[in-house]
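Biologist: I would like a close look at one part of this model. Please take me through the surroundings of the ligand, and then show me how the rest of the chain is laid out.

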Amino acid sequence: MNSNQLSKRLETVASFIKPAQTFADIGSDHAYLPCYAVKKGLAERAVAGEVVEGPFQSAKRQVASDGLSEQIDVRKGSGLAVLSPGEVECITIAGMGGPLIASILEEGREKLNGVQKLVLQPNIAAHAVRSWLNENGWAIETEAILEEDGQVYEVISAISKPGQKLSEQERYFGPFLMKEKNKAFLLKWKRELEQIEQVLGQLERAAESEGTVQRKHELNKRKDWIKEVTGYENT
Ligand code: SAM
């Protein structure tokens, strides 16, 4: 991967940026995404935000070597703190866990005024992201799920629009993904079902406590949902 050729995962994130004129990529690491988006004309200007020194330096080097220092501002700081209110129309946050993405949005909520679009790619626990969006006036307008190098990735694109009400199942599976049920979706939930059954097997052998009973109940609920949505039977 480089700033001309993104991974399939980041290319999907980039495909949802349009038609933002300015966007911020938070947790930008090597800044491949903002460099690619500006080179392809998906954005006129971008901010690359990064909290850790090493990745921050590597983002700066990448932007300089692509000759994009006029269009891309690389800033060091946590989450949306690197932004001024109203500065960007779109924010991308990719390659982090769902709860971390949700906490970045929550902590930076005053910076979201004027932002029209969020493109979020949680590596795990995407339901945490969908719940945050749903409770904070953002509507999911489209989603993607794809497999790359054996990993399955979800990408969520949301617009600032209050009123969408997602069910518990829609938050868990994704309202668009659970309708489409593509190959990557079925693979993800087959793996998840296998993992749940493995944990349930371990819990069956463990000493019973209030905690194990509660956990089994929760896992059985998830298992039933997965079977209902995917049509899978026990693996
Ligand atoms: N976004 C890139 C991608 O998807 O390939 C990089 C993903 S990398 C796994 C996550 C990056 O987010 C790391 O460089 C990490 O330092 C950065 N990060 C984690 N928490 C952050 C925060 N609160 N604010 C800014 N960057 C953060």
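**Around the ligand**

Modeller: Start with β4, which gives the shell around the ligand its largest share, three residues. Keep in mind that this model is predicted. β4 spans 90-96. Two helices join in: α1 (8-15) and α4 (98-107). Each of these three elements supplies at least two residues of the shell.

Now look at the residues themselves. There are 17 around the ligand. R9, G27, E50, G79 and A94 come nearest. By class, eight residues of the shell are nonpolar, six are polar and three are charged.

Next come the polar contacts. Begin with R9. An N or O atom in the side chain of R9 sits 2.7 Å from an oxygen atom of the ligand. G27 uses its backbone instead. A polar backbone atom of G27 is 2.7 Å from a nitrogen atom of the ligand. A94 also uses a polar backbone atom, and it lies 3.0 Å from a nitrogen atom of the ligand. How much of the ligand does the protein cover? On its own, the ligand has 600 Å² of accessible area, and the protein covers 79% of that.

Step back to the whole chain. The domain assignment gives domain 1 (8-179) and domain 2 (184-234). Their centres, taken over C-alpha atoms, are 30 Å apart. The contact takes 13 residues from domain 1 and 14 residues from domain 2. Between them, the two domains bury about 1,300 Å². Carbon and sulfur atoms carry 66% of that area. On the side of domain 1, look for Q169, Y172 and F173. These three supply 47% of the area that domain 1 buries against domain 2, more than any other three residues.

Terms used. Residues are numbered from 1 along each chain as its sequence is written. This is a predicted model: local features need pLDDT of at least 70, side-chain atom pairs count only at pLDDT 80 or more; totals for chains, interfaces and linings use all residues. Side-chain values use heavy atoms; hydrogens and water are left out. A residue is near a molecule or strand if one of its heavy atoms lies within 4 Å of it. A polar contact is a pair of N or O atoms within 3.5 Å; within protein, one must be able to donate a hydrogen and the other to accept it, and residues adjacent in sequence count only if both atoms are side-chain atoms. Accessible areas come from the Shrake-Rupley method with a 1.4 Å probe; for residues, only the protein chains shown count as cover. Helices (H or I, at least four residues) and strands (E, at least two) are DSSP runs, numbered from the N terminus. Ala, Val, Leu, Ile, Met, Phe, Trp, Tyr, Cys and Pro count as nonpolar, Asp, Glu, Lys and Arg as charged, and the others, Gly among them, as polar. Domain bounds come from an automatic or database domain assignment. Contact means heavy atoms within 4.5 Å. Buried area is the accessible area (1.4 Å probe) that two parts lose on being put together, summed over both.
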